[in-house]
Amino acid sequence: MFTERLNLAMNKIGARSPDIARIIGCDRSNIDRMVKGGRIPKKNGKSVWRIAEALYLFADEHGETEKLISCFGGKKSGTPELIESDLID
């Protein structure tokens, strides 16, 4: 489920593993493992929150926030924290 949602969000906003890794400050291979299903972070763990934040920041930087929100049926407005929470739920 996580892998599918991550791939959906990244594809929708045009993000690649190096983009997300740059924002998080980790090696691209960490994100690649998640994209391929080799690593699944805990639902409420630090990694999943960092990924949600990175997805939001990438989308915001590239004017794709509405596309990101639409992936998971979130509200069209709200704070970044609420949008990130929608992504995780």
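Helices (H or I, at least four residues) and strands (E, at least two) are DSSP runs, numbered from the N terminus. This is a predicted model: local features need pLDDT of at least 70, side-chain atom pairs count only at pLDDT 80 or more, and totals for chains, interfaces and linings use all residues. Residues are numbered from 1 along each chain as its sequence is written, and side-chain values use heavy atoms, with hydrogens and water left out.

**Exercise 1. Describe the fold and its dimensions.**

Solution.
- Step 1: the protein chain holds six helices and zero strands. From the N terminus on, the order reads α-α-α-α-α-α.
- Step 2: take the radius of gyration over C-alpha atoms; the globule rule is 2.2 Å times the number of residues to the power 0.38. A compact globule of 89 residues would come out near 12 Å, and the protein chain has 12 Å, which agrees.
- Step 3: the C-alpha trace spans about 30 × 25 × 20 Å along its principal axes.
- Step 4: define contact as heavy atoms within 4.5 Å. Of contacts between residues at least 6 apart in sequence, 64% join residues at least 24 apart.

**Exercise 2. Place Asp 19 and list its partners.**

Solution.
- Step 1: Asp 19 sits in helix 2.
- Step 2: buried means under 20% relative accessible area, exposed over 50%, partly exposed in between (1.4 Å probe, protein chains only). Asp 19 counts as buried because its relative accessibility is 14%.
- Step 3: a polar atom of the Asp 19 side chain lies 2.8 Å from the backbone nitrogen of Arg 16.
- Step 4: leaving aside neighbours within four places in sequence, Asp 19 is in contact with Gly 14 and Phe 58.

**Exercise 3. Find the buried face of helix 3 and what covers it.**

Solution.
- Step 1: helix 3 covers residues 28-35, and Ile 31, Asp 32, Met 34 and Val 35 are buried in it.
- Step 2: look down the axis of helix 3. The buried residues fall within an arc of 160°, so they line one face. The arc is that of the directions from the helix axis to the C-beta atoms.
- Step 3: recall the geometry. An α-helix has 3.6 residues a turn, so residues three or four places apart point the same way.
- Step 4: the cover includes helix 1 (2-13), helix 2 (17-24) and helix 4 (46-61).
- Step 5: just after helix 3, Gly 37 takes a positive phi of about 85°.

**Exercise 4. Dissect the largest nonpolar core.**

Solution.
- Step 1: a nonpolar core is a set of buried Ala, Val, Leu, Ile, Met, Phe, Trp, Tyr and Cys residues joined through side-chain atoms within 4.5 Å.
- Step 2: the largest one has 25 residues; Leu 6, Ile 51 and Leu 55 are among those with the most contacts inside it.
- Step 3: each of helices 1, 2, 3, 4, 5 and 6 supplies at least two residues of this core. Helix 4 gives the most, with eight residues.
- Step 4: beyond neighbours within four places in sequence, Ile 51 is in contact with Phe 2, Leu 6, Ile 24 and Met 34.

**Exercise 5. Count the disulfides and give the exposure of Cys 26 and Cys 71.**

Solution.
- Step 1: a disulfide is a pair of cysteine sulfur atoms within 2.5 Å. The count is zero disulfides.
- Step 2: Cys 26 is partly exposed, because its relative accessible area is 25%.
- Step 3: Cys 71 counts as buried, at 16% relative accessibility.

How values were computed: A polar contact is a pair of N or O atoms within 3.5 Å; within protein, one must be able to donate a hydrogen and the other to accept it, and residues adjacent in sequence count only if both atoms are side-chain atoms.
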